[in-house]
Amino acid sequence: MEEEAGTKEVINGSNEKIVKEEIYTKVVRAGKRTYFFDVKATRKEDYYLTITESKKRLGKEGKIFYEKHKIFLYKEDFEKFADGLTDAVSFIGNGINEAKPQTSHSENEIKKEPADLSAREFTNIDFEDLGKK
């Protein structure tokens with residue numbers, strides 16, 4: 001179910017009105033959960049996506065409330081997120097990892113560890129004088 005995008009006025013701490021526009025909304029009902037995919041714009045007109053999972057719960061005193069979990073996904077992460085999601089769904093569907101080899105960090109983020117350090121390469125520290133004044 002697609003819903004029309006709308007404009008919401010939010011008042012921040014200084015009573016200044018900030019207009020937050022939802023560009024696009026897609027609602028997916030899946031059993032006891034509902035997922036909302038909302039495209040929004042930053043002040044600089046960059047788009048980002050919020051994914052919200054909403055579950056109906058029964059609280060204390062029998063009152064119904066909605067438990068929500070939200071993910072903010074920014075434009076620069078779309079491709080990596082989509083690749084990861086596709087790989088995970090493929091793995092679950094097939095039971096086989098057809099995905100690219102798993103990497104947890106980009107090559108630029110990985111620090112090379114020194115190979116086989118021997119004891120003589122470490123500084124000798126003498127602790128005998130600790131505690132003496």
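How many bridges pair strand 5 and strand 6, and in which sense do the two strands run? Keep that in mind while you go through these notes.

1. A word on confidence before anything else. This is a predicted model, and the mean pLDDT of the protein is 75, with 56% of its residues reaching 70 or more. Over residues 109-124 the pLDDT drops below 50, and that stretch makes three contacts in the model beyond near neighbours in sequence. Among the elements, strand 4 has the highest mean pLDDT, at 95, while strand 1 (residues 2-3) has the lowest, at 46.

2. Now back to the opening question. Strand 5 and strand 6 pair in the antiparallel sense, over eleven bridges. To find the pairing on screen, look for Ile51, which stands opposite Ile71 in strand 6. The hairpin of these two strands has five residues between them, and Glu61 takes a positive phi near 65° there.

3. Strand 5 has a pairing with strand 4 as well. Strand 4 covers residues 33-41 and strand 5 covers residues 47-58; they run antiparallel and are joined by nine bridges. Two spots to click on: Arg33 stands opposite Lys55 in strand 5, and Asp38 stands opposite Thr50, again in strand 5.

4. Which residue takes a positive phi in the hairpin of strand 4 and strand 5? That's Glu45, with a phi near 65°, and this hairpin has five residues between the strands. Put Glu45 and Glu61 side by side in your viewer and have a look at both turns.

5. Next, the rings. Tyr48, Phe72 and Tyr74 form one aromatic cluster, and the count of aromatic pairs comes to two. Tyr48 falls in strand 5, whose residues are 47-58, whereas Phe72 and Tyr74 belong to strand 6, residues 64-74.

6. Last, the surface. Which residues form a nonpolar patch there? They are Leu58, Ile64 and Tyr66, with about 360 Å² of accessible area together. Tyr66 lies in strand 6, and Leu58 is part of strand 5 (residues 47-58). One handy thing to remember as you trace the strands: in a regular strand the side chains alternate between the two faces of the sheet.

Technical notes. Residues are numbered from 1 along each chain as its sequence is written. This is a predicted model: local features need pLDDT of at least 70, side-chain atom pairs count only at pLDDT 80 or more; totals for chains, interfaces and linings use all residues. Side-chain values use heavy atoms; hydrogens and water are left out. Two strands pair if DSSP finds at least two bridges between them. Helices (H or I, at least four residues) and strands (E, at least two) are DSSP runs, numbered from the N terminus. Patches are made of residues with over 30% relative accessible area and no salt bridge: like charges are joined within 9 Å, nonpolar side chains (Val, Leu, Ile, Met, Phe, Trp, Tyr) within 5 Å. Accessible areas come from the Shrake-Rupley method with a 1.4 Å probe; for residues, only the protein chains shown count as cover. A salt bridge is a side-chain nitrogen of Lys or Arg within 4 Å of a carboxyl oxygen of Asp or Glu. Rings of Phe, Tyr and Trp (its six-membered ring) pair if their centres lie within 6.5 Å; planes under 30 degrees apart count as stacked, over 60 as edge-to-face and the rest as tilted. pLDDT is the predictor's confidence in each residue, from 0 to 100. Contact means heavy atoms within 4.5 Å.
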